[in-house]
Amino acid sequence: MKTIYFEEISSTNDYLKNLDSEEDVLAIAKRQTGGRGTKGRSFISAEGGVYLSLLRLNPCKAEDCFSIMMNSAVAVVKTLHAFDIKAKIKWPNDILVDGKKICGILIENVFSGEMVARSIVGIGLNVNNDLAKEIEDIATSTKIILNKELSPPTVTATLCYNLYQDYGFEDYSRHLLFVGEEVTIITQKSAYKAFIDQILPNGNLKTKDGKVFSAGEISIR
Ligand code: BTN
């Protein structure tokens with residue numbers, strides 16, 4: 001695996017998208033000027049946070065692609081546990097501490113036949129960075145929780161170690177929030193309340209009223 005460091009870049013995910021490589025590549029940036037989140041949102045990436053993307057070649061079969069999401073979410077949770085922070089997963093892969101988001105994960109896969117040919121796992125973790133006013137109420141950072149700064153390279157090294165572990169469905173399920181609880185299911189057209197019955201091994205969410213949703217279809221609140 002090759003590692004590339006940037007003082008500043010638009011987006012580590014975009015960098016890897018355009019890269020032709022025959023080996024896995026880890027791109028790490030101190031700050032991003034065009035950080036991207038899920039659902040076309042932007043991701044504020046001020047200095048002090050950990051922003052990285054990992055390009056993996058042929059990581060798994062297309063039908064198993066939720067394993068990439070599970071592994072990366074658990075990797076972040078385990079990393080935060082290593083610094084005594086009790087993090088949990090909000091389906092499918094937001095990482096929360098005390099109900100506030102500390103980390104976002106953006107996974108971009110390229111499929112070829114039955115395989116995931118390329119997978120880019122982009123992770124933005126709030127460490128020492130100050131949070132923008134508009135997200136202060138819904139976001140947190142390791143600095144806020146621990147009341148001290150952590151070394152971003154140490155956090156990055158722990159995260160990279162964890163990304164290469166093979167965390168699976170049991171690990172993922174153990175750290176999931178809201179199973180058995182009532183949440184608001186937000187579709188493109190509406191929002192309604194339902195109890196989560198379970199998250200299935202393929203990543204779909206099943207409600208107690210028997211509906212099954214994929215992560216692309218809905219979000220929960
Ligand atoms: C989200 O919460 O919506 C996902 C945020 C993902 C942000 C990371 S930061 C590193 C990588 N580069 C990007 O442009 N996005 C991801």
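Let's start with one pair of residues: Ala 29 has Tyr 51 as its bridge partner, and Tyr 51 sits in strand β3. Keep in mind that this is a predicted model. From that pair we can follow the strands outward, then look at a second sheet, and finally visit the ligand, which has 18 residues around it.

**Strands around β3**

- Strand β2 covers residues 25-32, strand β3 covers residues 50-61, and five bridges hold the two together in an antiparallel pairing.
- β3 also pairs with β7, which spans residues 115-125; here there are ten bridges, and the two strands again run antiparallel.
- One of the links between β3 and β7 involves Lys 61, whose bridge partner in β7 is Met 115.
- As background, strands of a sheet pair through backbone hydrogen bonds, and the pairing can be parallel or antiparallel.

**The open sheet of five strands**

- Want to trace this one in the viewer? Go through the strands in the order β11-β10-β9-β8-β12, and you'll find antiparallel pairing in this open sheet.
- The edges are β11 (212-213) and β12 (219-220), and each of these strands pairs on one side only.
- β12's pairing is with β8 (residues 182-186), through two bridges in the antiparallel sense.
- To spot that link, look for Ile 185, which has Ile 220 of β12 as its bridge partner.

**Who surrounds the ligand**

- Ser 11, Gln 32, Arg 36, Thr 38 and Lys 101 come nearest, out of the 18 residues around the ligand.
- Sorted by class, the shell is made up of eleven polar, five nonpolar and two charged residues.
- Several elements chip in: α1 (12-17), β3, β6 (100-112) and β7 supply at least two shell residues each.
- β6 is the top contributor, giving four residues to the shell.

**Polar contacts with the ligand**

- The side chain of Gln 32 has an N or O atom 2.9 Å from a nitrogen atom of the ligand.
- Arg 36 joins in with its backbone: an N or O atom there lies 2.7 Å from a ligand oxygen atom.
- For Lys 101 it's the side chain again, with an N or O atom 2.5 Å from an oxygen atom of the ligand.
- How much of the ligand's accessible area does the protein cover? On its own the ligand has 420 Å² of accessible area, and the protein covers 98% of that.

Conventions. Residues are numbered from 1 along each chain as its sequence is written. This is a predicted model: local features need pLDDT of at least 70, side-chain atom pairs count only at pLDDT 80 or more; totals for chains, interfaces and linings use all residues. Side-chain values use heavy atoms; hydrogens and water are left out. Two strands pair if DSSP finds at least two bridges between them. A residue is near a molecule or strand if one of its heavy atoms lies within 4 Å of it. A polar contact is a pair of N or O atoms within 3.5 Å; within protein, one must be able to donate a hydrogen and the other to accept it, and residues adjacent in sequence count only if both atoms are side-chain atoms. Accessible areas come from the Shrake-Rupley method with a 1.4 Å probe; for residues, only the protein chains shown count as cover. Ala, Val, Leu, Ile, Met, Phe, Trp, Tyr, Cys and Pro count as nonpolar, Asp, Glu, Lys and Arg as charged, and the others, Gly among them, as polar.
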